[in-house]
Amino acid sequence: MVHVKWGRDVIHFPVPPPNTTLGKLRADIAEYTHLPPSSFKLVHAGAVMKDDHAPLSVYKIRENSTIALIGGHTSAETSAPHARPPRSNEPPTEQSTIGTIRAELDRVRSTLVPDVDAFVLACSGPLVPAPHSSTFPVPAQTLTSGSFLASSDGVPSQEPTSLDHSRLSELLLQSLLRLDALHLPGADWPEARQQRKAAVREVQSVLDRLDNAWASR
């Protein structure tokens with residue numbers, strides 16, 4: 001089966017033949033979700049799949065592949081925290097684009113990675129009660145000065161939920177989309193391309209850790 005993550009839902013499709021075009025898969029997903037085909041993007045392995053005429057084999061879609069559907073209707077919870085700033089009249093330069101890439105990566109590191117780290121630990125060890133402001137608790141062995149505190153008796157609290165997983169997953173996918181949407185003209189900006197490639201790889205690795213922890217809990 002191929003798994004399509006759509007918000008908090010996961011849709012399962014039989015694995016299409018390798019020569020099936022991306023456009024055919026998009027049409028099948030649109031029919032199932034009742035979304036206009038042009039209203040959403042499909043993301044696999046950290047990259048947006050754009051060429052609807054290309055066969056799925058180009059994108060390495062195989063058994064148990066996971067595709068993220070972004071767009072259609074997006075909840076305010078996932079879109080509001082990262083609303084795009086107003087566009088400047090100044091054309092982007094390589095250095096300004098590199099600054100945007102670094103800012104996006106810093107935002108992921110500071111706002112999402114700590115929650116992902118806590119989520120992974122909560123999936124893998126005994127849990128402890130967390131303060132009311134925390135989304136989910138951390139294992140008893142994690143005694144840090146961060147936002148998750150261990151109780152003295154180590155009594156387990158509730159486990160991370162699918163809502164926690166979906167929220168973090170969608171925010172990371174939104175970050176990948178923002179990186180993908182940056183305009184890098186031709187081969188003129190090699191440093192910016194290298195920086196974006198490294199940033200995509202890092203964000204994708206965080207998403208993989210999140211998904212692997214949830215799958216193996």
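**Close-up views of salt bridges and strand pairing**

**View 1. Arg-167 and Asp-115, a buried pair between helices H4 and H3.** Arg-167 and Asp-115 are both buried in this predicted model. The two side chains form a salt bridge, with 3.4 Å between the closest N and O atoms. Arg-167 belongs to helix H4 (residues 162–181) and Asp-115 to helix H3 (residues 94–124), so that the contact links distant parts of the chain, 52 residues apart.

**View 2. Arg-209 and Asp-117, a salt bridge between helices H5 and H3.** The closest N and O atoms of Arg-209 and Asp-117 lie 2.7 Å apart in this salt bridge. Because Arg-209 is in helix H5 and Asp-117 in helix H3, the pair ties together parts that are 92 residues apart in sequence. Arg-209 is partly exposed, at a relative accessible area of 34%. Asp-117 is likewise classed as partly exposed, with a value of 31%.

**View 3. Glu-104, Arg-107 and Arg-178 in one network.** Salt bridges with shared partners join these three residues, Glu-104, Arg-107 and Arg-178, into one network. Across the whole structure, the search finds 10 salt bridges.

**View 4. Asp-211 and Lys-5, a salt bridge between helix H5 and strand E1.** Asp-211 forms a salt bridge with Lys-5, and the closest N and O atoms are 3.4 Å apart. The pair links distant parts of the chain: Asp-211 lies in helix H5 (residues 190–215) and Lys-5 in strand E1 (residues 2–6), 206 residues apart. The relative accessibility of Lys-5 is 13%, so Lys-5 counts as buried, since buried means under 20%. Asp-211 has a relative accessibility of 22% and therefore counts as partly exposed.

**View 5. Strand E5 and its pairing with strands E1 and E3.** Strand E5 (residues 66–71) pairs with E1 in the parallel sense over 4 bridges. In this pairing, Lys-5 stands opposite Ala-68 in E5; Lys-5 is also the residue that forms a salt bridge with Asp-211. Strand E3 (residues 40–44) is joined to E5 by 4 bridges, and these two strands run antiparallel. Here Lys-41 stands opposite Ile-70 in E5. In a regular strand, side chains alternate between the two faces of the sheet.

Definitions and conventions. Residues numbered from 1 in each chain as written. Predicted model: local features only at pLDDT ≥ 70, side-chain atom pairs only at ≥ 80, totals over all residues. Heavy atoms only, no water. Salt bridge = Lys/Arg side-chain N within 4 Å of Asp/Glu carboxyl O. Buried < 20%, exposed > 50% of the residue type's maximum accessible area, 1.4 Å probe, protein only. Pairing = 2+ DSSP bridges.
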